[in-house]
Amino acid sequence: MIFKQTTGFLSHLPITQPITHDKERIFFAILNGQITTRREAVKLLKIRSTTVSEQVTQLLDSRLLTETISQHSGRGRPSMVLVVNPNRLVTLVFQVISLSLHVFAINLVSNVIAHEQLEASPECDNSALADKIRQLYDNIIQKIPKSAEVTGCVFSLGGVFDRQTYHWIHASRWPKMNNLNIKSIFPPEYRVVLSRTLDDELMLHVLERNKSTLLLHWGYGVGVAFSTADNYINIGGNAFGEIGHWNIPSQTKPCQCGQVGCLETVTALWSIGTDVLADKFKAHDDEENVAEILASSDLANNSTMQQAISHMAHAASNICRVFFPSRLIVSGPFVKNPQIWAAFCDSFQQQNRFFGQALPELSMSQISRNSRIYGAALPVLEQTLIELLAQ
């Protein structure tokens, strides 16, 4: 796991505003596990004891902290320990998993404190999906502590959407859905954020070190996300990174997007799953379940898989010649198979020996689904926290 459950994950996020105020310094030191008492705050942060006492009182009044008696085994009076109130702020993250809509409630110490899901058939249109989103929201709100403040809803999505207008334009799983206005489902004052699932995963990778990074996902769909060396994630336009819909001239198979000959028609699970796994493949099965099946399958002589590897290696090479990243990270169920991963790496490396340039670092993503959910929650949770600390 990227984040330690005991210290919270906000400490790992590049804070958008400088932490200069004493109240913020004290809070984040407690969140990070650096201090647990007022005395330790004075010593570590070099803040006067009267100031520490004043700021801690404000943090207690805002319910960001609680103070409890320590488990004391020695002589003398037991000390008072300061701890973060984990459920003071909660962010709701909506995600699509297979043909289900899910919502997760994430608290300040990166715990999922509630989870709800509903099936959504391929026949769902705007009205049906909006109704399911409302139902999920109503259901999960009942599970959240009454004392918690919900910071807003993050929709971590695939497909095509417009962040500015809050419209989910297209998703191949629900062809009858078109331009669904997600913000209109909630009260006008409610904070709603749309983000790409791939960008949320990439955020966790770029926290590790400052290198330009290209993240390539290969599963039910094919797409990329990119960040510069200074950790800026390029969100581009409404359909940025949808390389799965690049046209392959020699192919004529219809794609779910309505075009023909897209890269996904020869590489994506929805198109080649049955040819690769026969009756082991169930349409719209969870990618994590498919990954387990793929991991133990012998696909060395599968012609469909060989063609898919070739096309994916070419696609990865071409997109790397656009962005020239320092590292390429590949995620998704296909690369969990050792034969597929080895063949992809070999083909990619052969195609990228030119002009004496160093090859990008090539690795497989180990980010779990739970971590991707945390990545989606981070910006909204942090923004609300900074606003609360500034009061």
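This is a short walk through one protein chain, with its sheet, a hairpin and some helix packing.

Okay, hi everyone. What you have in front of you is a predicted model, so let me start with confidence. The mean pLDDT of the protein chain is 87, and 91% of the residues get to 70 or more. Which elements sit at the two ends of that scale? Helix α4, residues 126–141, has the highest mean at 97, while strand β13, residues 233–234, has the lowest among the elements, at 82. Then there's the start of the chain: over residues 1–16 the pLDDT stays under 50, and for that stretch the model has 53 contacts beyond four places in sequence.

Right, on to the sheet. We've got an open sheet of 5 strands, and if you read across it the order goes β13-β12-β11-β14-β15, with mixed pairing. The edges are β13 and β15, the latter being residues 361–364, and each of them pairs on one side only. So let's look at the β13 edge. Strand β12, residues 222–227, pairs with β13 in the antiparallel sense, over 2 bridges. If you want a spot to click on, find Ser227, which stands opposite Ile233 in β13.

What packs on this sheet? One helix is α10, residues 338–351, which touches β11, β14 and β15, and its direction makes about 165° with that of β15. Another is α9, residues 303–323, lying across β11, β12, β13 and β14 and running at about 155° to β11.

Now for a hairpin elsewhere in the chain. Strand β4, residues 100–107, and strand β5, residues 112–119, pair in the antiparallel sense over 7 bridges. Ser100 has Glu119 in β5 as its bridge partner. Between the two strands there are 4 residues, and in this hairpin Ser110 takes a positive phi near 70°.

Last stop, a pair of helices. How do α5 and α11 cross? Helix α5 is residues 197–206 and helix α11 is residues 369–389; their axes come within 8 Å and cross at roughly 90°. Angles from 65 to 115 degrees count as roughly perpendicular, and therefore that's what we call α5 and α11. Who's meeting whom there? From α5 it's Asp200, Glu201, Met203 and Leu204, and they meet Ser371, Arg372, Gly375, Ala376, Leu378 and Pro379 in α11. By type, the residues of that contact split into 5 nonpolar, 2 polar and 3 charged.

That's the tour, thanks for listening.

Conventions:
Residues numbered from 1 in each chain as written. Predicted model: local features only at pLDDT ≥ 70, side-chain atom pairs only at ≥ 80, totals over all residues. Heavy atoms only, no water. pLDDT = per-residue confidence, 0-100. Contact = heavy atoms within 4.5 Å. Pairing = 2+ DSSP bridges. Axes fitted to C-alpha atoms, helices over the stretch in contact; angles between N-to-C directions. Parallel < 35°, antiparallel > 145°, perpendicular 65-115°, else oblique. Nonpolar A, V, L, I, M, F, W, Y, C, P; charged D, E, K, R; others polar.
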